[in-house]
Amino acid sequence: MLRGRTRRGRGSYVADDDPLDATQERRVRAVLALGGVPQADLPDGVQQVRLRLLERAADGREAPRDVSAWAAVVASNLAMDWHRAKRRQERLGERLAALRPAELPSGEETSVLSLAVARGLDQLPDAQRQVVVLRFYADLPVRSIAEQLGVPEGTVKSRLHTAVRALRARLHEDEVV
């Protein structure tokens, strides 16, 4: 669709409804792929580049002189971010593996425990469930949780304490632990 396109410096064109034209999108995909981003994640990377271009316009900043070059640099940065996140996940997996007991419970025992914990989480009030998930599943420190939720650290600690006590009681009640 050629309608609604405006010229933005150095021969780069941006559609009013899509900030990247087909050539620019192919270039972004190529930069992401060459940067090691898996094929399945390429559409998300292209969307991130679009989003950053739209955010730039929404913030009132002028369009890049060469949208194609700007998009390629953003795509390259996204590829580096993808690798950093992958390394973080691998390190987290290694840390979790190191914390596992030498003798793992059987698959059935693990399933029973997982189901009991999930049921226990479902029964917690929303505020308590939220801090438990952020602290123990997202591995966020209490300070970060407090900042993100806009509550004092003491409130987060209190909610965690109450939630853990309730979960422990639930697991003993169900004779899982």
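Colleague: Of the contacts in the protein with a separation of 6 or more, what share comes from residues 24 or more positions apart?
Modeller: They account for 55%, with contact meaning heavy atoms within 4.5 Å. This is a predicted model, where local features need pLDDT of at least 70, side-chain atom pairs count only at pLDDT 80 or more, and totals for chains, interfaces and linings use all residues. Numbering starts from 1 along each chain as its sequence is written, and side-chain values use heavy atoms, leaving out hydrogens and water.

Colleague: Where is confidence lowest, and where is it highest?
Modeller: On the pLDDT scale (the predictor's confidence in each residue, from 0 to 100), strand E1 (residues 5-7) is lowest at a mean of 39, and H2 is highest at 92. Residues 1-15 have pLDDT below 50, yet this stretch has 29 contacts in the model beyond near neighbours in sequence. The protein's mean is 81.

Colleague: What makes H2 a helix and E1 a strand?
Modeller: Both are DSSP runs, numbered from the N terminus: H or I over at least four residues for helices, E over at least two for strands. The protein has seven helices and two strands.

Colleague: Why is the set that includes Leu20 and Trp70 called a nonpolar core?
Modeller: Because its members are buried (under 20% relative accessible area, 1.4 Å probe, protein chains only) Ala, Val, Leu, Ile, Met, Phe, Trp, Tyr or Cys residues, joined through side-chain atoms within 4.5 Å. This largest core has 15 residues. H1 (22-34), H2 (42-58) and H3 (67-99) each supply at least two of them, and H3 gives the most, seven.

Key. Buried < 20%, exposed > 50% of the residue type's maximum accessible area, 1.4 Å probe, protein only.
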